[in-house]
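Reader: Hi there! Could you take me on a close look at one part of this model, the packing around a strand and the core beside it? I'd love the cut-offs along the way.

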Amino acid sequence: MNIIFFVFAFLSSYTFHAVSCATDFCVADLSLPKNPSGHYPCKAETKVTVNDFVFSGLVEGKPEAPFNVGLTAATVTNLPGLNGLDIAAARVDIGVNGTVPMHSHPDASELLIIFEGEIIVGFITPTKAYVKTVKPGDVIVIPKGLLHFVINSGAGKAVTFGALSSSSPGVHVHDLLLFGNDLSTSIVAQTTLLDEAQIKKLKAKFGGKA
């Protein structure tokens, strides 16, 4: 009898949890600041519409200099229904010889789906680089926080789609962090062992100050 009761209680609990997870949501009220957990407060349910759960902008992004890459993304700021669900989506269009520069997502892992073309994708740890040439139908996972990159290695453009484990994923682009601010050239040179002339050239390209 006790075993039957336990099984019944477990199944009832599981069913309640599954239904709750399937129907519960907290659409972001973007007029308010995020709370300490990193999520937006909930919009009043009477103000929620189906449009809060739809984003129609995950379309081709125009590749731009200097990396010849275009990006469109669905995050909580343009798809409020993502709030609290810890997921976001992105589309990356990479022109011929284009690259997605070395970058990281400190708060999200990434699932990269190759849709068109051929790319070299990789991520690095302090001791090893994991690099592979991939084509349509391939999927690669990038663990949270690791530096990673994409290079278009095919003859035409490349297109990838990504899913990230945060509704508002942060991104740190290595080149912008080093060369897009007012950190002095001499300090960058001392801490990276790069030549000062090359640093000044990169600062000019990325809008940094000498």
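Author: Happily! Ile94 stands opposite Ala158, a residue of strand 9. Strand 9 itself covers residues 158–164; helices (H or I, at least four residues) and strands (E, at least two) are DSSP runs, numbered from the N terminus. Before going on, please keep in mind that this is a predicted model, in which local features need pLDDT of at least 70 and side-chain atom pairs count only at pLDDT 80 or more, while totals for chains, interfaces and linings use all residues. Residues are numbered from 1 along each chain as its sequence is written, and side-chain values use heavy atoms, with hydrogens and water left out.

Strand 9 has two partners to look at here. With strand 2 it pairs in the antiparallel sense over seven bridges, where pairing requires that DSSP finds at least two bridges between the strands. With strand 4 the pairing is again antiparallel, over six bridges, and there Glu116 has Val159 of strand 9 as its bridge partner. Strand 9 is also mostly covered, with five of its seven residues buried; buried means under 20% relative accessible area, exposed means over 50%, and partly exposed lies in between (1.4 Å probe, protein chains only).

Ile94 leads us on to the largest nonpolar core. Such a core is a set of buried Ala, Val, Leu, Ile, Met, Phe, Trp, Tyr and Cys residues joined through side-chain atoms within 4.5 Å. This one has 14 residues, and those touching the most other members are Ile94, Val100, Leu112, Ile119, Val121 and Val150. Two or more residues each come from strand 2 (88–94), strand 4 (110–116), strand 5 (119–124) and strand 7 (139–142). Strand 5 gives the largest share, three residues.

Val121 is worth a pause. Beyond its neighbours within four places in sequence, Val121 is in contact (heavy atoms within 4.5 Å) with Leu112, Tyr130, Val131, Lys132, Val134, Ile140, Ile142, Phe149 and Val150. A second core, separate from the one above, has seven residues, including Leu178, Phe179, Val188 and Ala189.

One more feature may interest you as a chemist: the structure holds one disulfide, meaning a pair of cysteine sulfur atoms within 2.5 Å. Cys26 and Cys42 form it, with their sulfur atoms 1.9 Å apart. The torsion about their S-S bond is about -110 degrees, so the disulfide is left-handed. Cys26 is buried at a relative accessible area of 18%, whereas Cys42 is partly exposed at 47%.
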